[in-house]
Every structure is written in C-alpha cells, then in structure tokens.
Amino acid sequence: MILACPFCKAKADPAAVQCASCGKTMSRACPACAETIASNAATCKYCGEAVPAMKEPQPLTKSHPGIVFLEDKPRRSCCGAGRGMFWILVLALAGFCAYSAVRTRMICHRAPTQQTQAAPAPDKGEYH
C-alpha cells in the first residue's frame, strides 16, 4: 500500500496506480511474487527478489500526422474586390434601369408638336 508518491512525495490514494499530481506510475507488480511494490523499488519487500528498474513509457509521437484539424475561423479575405465589384455592377444596372424608365416616360408623354405648315388634303374627285 502506497500512501505517498515515491517521486513527488504527494499524498496518494492507496488504490491509485498513477500519481494525481505528477502523473507518474507509483506502483507495479513484482516479477517474482506478483505483489504490488513501489515503481522505484530496487528489491521486493515481500520476497526480497531484486527488481529491475522500470522504464517510463515514451509518449507516442508520429513523424507525420494522418489527419490535421485546423481551427474553424470565418473566411475573410484581405480585400473585398469580388464583393465590391458585385455591388458596383448591381448599382450600375439599377441606375441604367432607372434612367431608361425616366427617359421612356419623357418620350412617351411629350406634348404633341404643332406642324408649321399643314399640307392640304387631296380632293377625292380631282385628278392632276
């Protein structure tokens, strides 16, 4: 039963295998008698057998990651050339439509002009 971590000397739960403060493995099984001993022990306190030093497992690292997750940020371009050009075209088209509508009204509703000399209407009975 281990009451303190052999590495950082912090209080430990007797049933815990890893230290809550430093994260290292506190206990392991004796290779001869299978009793639980401290991970840094050189001999087993139950059978007296010499115990080889335990190696800490190396963290698993990959040389190249298979999947790369990028942060989801809203896409924002440095210049709004595409968006700006769209609105310029929309405004130009709206202006052209408004101009055409006003011009058409002006032409359709123009007052009739008086002719300066009216040509006499030909008589039906006379031939020249």
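C30 is tucked away in this predicted model: with a relative accessible area of 4%, the residue counts as buried because the cut-off is under 20%. Its sulfur has company, though not a bonding partner. The nearest cysteine sulfur belongs to C44 and sits 3.6 Å away, and a disulfide would need the two sulfur atoms within 2.5 Å, so C30 stays unpaired. C44 turns up again in the case of C47, whose closest cysteine sulfur is also that of C44, at 3.7 Å, which is too far for a bond. Unlike the buried C30, C47 is partly exposed, at 39% relative accessibility. A search of the whole structure comes back with zero disulfides.

C30 and C44 do share something else, namely membership of the largest nonpolar core. That core has five residues in all, with I37, A41 and V51 as the other members. In soluble globular proteins, nonpolar side chains tend to be buried together. I37 is a good case to look at here: the residue sits in strand β2, which covers residues 36-38, and its relative accessible area of 3% makes it buried. V51 comes 14 residues away from I37 in sequence, and the two C-alpha atoms are 9.8 Å apart in space. Leaving aside residues up to four places away in sequence, V51 touches R28, P31, I37, A41, A42, T43 and C44. Among these contacts of V51 are I37, A41 and C44, which are fellow members of the core.

Just ahead of β2 comes a backbone oddity. Most residues other than glycine have a negative phi. A34, however, has a phi near 65°, a positive value in a residue that is not glycine. The residue lies in the loop that runs between β1 (27-29) and β2. A34 is out in the open too, its relative accessible area of 58% making it exposed because the cut-off is over 50%.

On the other side of β1, in the segment before that strand, lies M26. M26 is buried, with a relative accessible area of just 1%. A12 is 14 residues from M26 in sequence, and 9.0 Å separates the two residues in space, C-alpha to C-alpha.

The other methionine of interest, M85, lies in helix α1, which spans residues 81-108. Where M26 is buried, M85 is partly exposed, at 48% relative accessibility. M85 joins I88 and L89 in making a nonpolar surface patch of about 320 Å². M85 can belong to such a patch because its 48% relative accessibility is above the required 30%.

Taken as a whole, the chain has one helix and two strands, and reading along the sequence gives the pattern β-β-α. Buried residues account for 12% of the 128 residues, C30, I37 and M26 being among those classed that way. The accessible surface adds up to about 12100 Å², and carbon and sulfur atoms provide 60% of that area. As for contacts across the sequence, counting those with a separation of 6 or more, 16% are between residues 24 or more positions apart.

Note on methods. Residues numbered from 1 in each chain as written. Predicted model: local features only at pLDDT ≥ 70, side-chain atom pairs only at ≥ 80, totals over all residues. Heavy atoms only, no water. Patch = residues over 30% accessible without salt bridge, like charges linked within 9 Å, V, L, I, M, F, W, Y side chains within 5 Å. Areas by Shrake-Rupley, 256 points an atom, 1.4 Å probe, with all protein chains shown as cover. Salt bridge = Lys/Arg side-chain N within 4 Å of Asp/Glu carboxyl O. Helix = DSSP H or I, 4+ residues; strand = E, 2+ residues; numbered from the N terminus. Buried < 20%, exposed > 50% of the residue type's maximum accessible area, 1.4 Å probe, protein only. Core = buried A, V, L, I, M, F, W, Y, C linked by side-chain atoms within 4.5 Å. Contact = heavy atoms within 4.5 Å.
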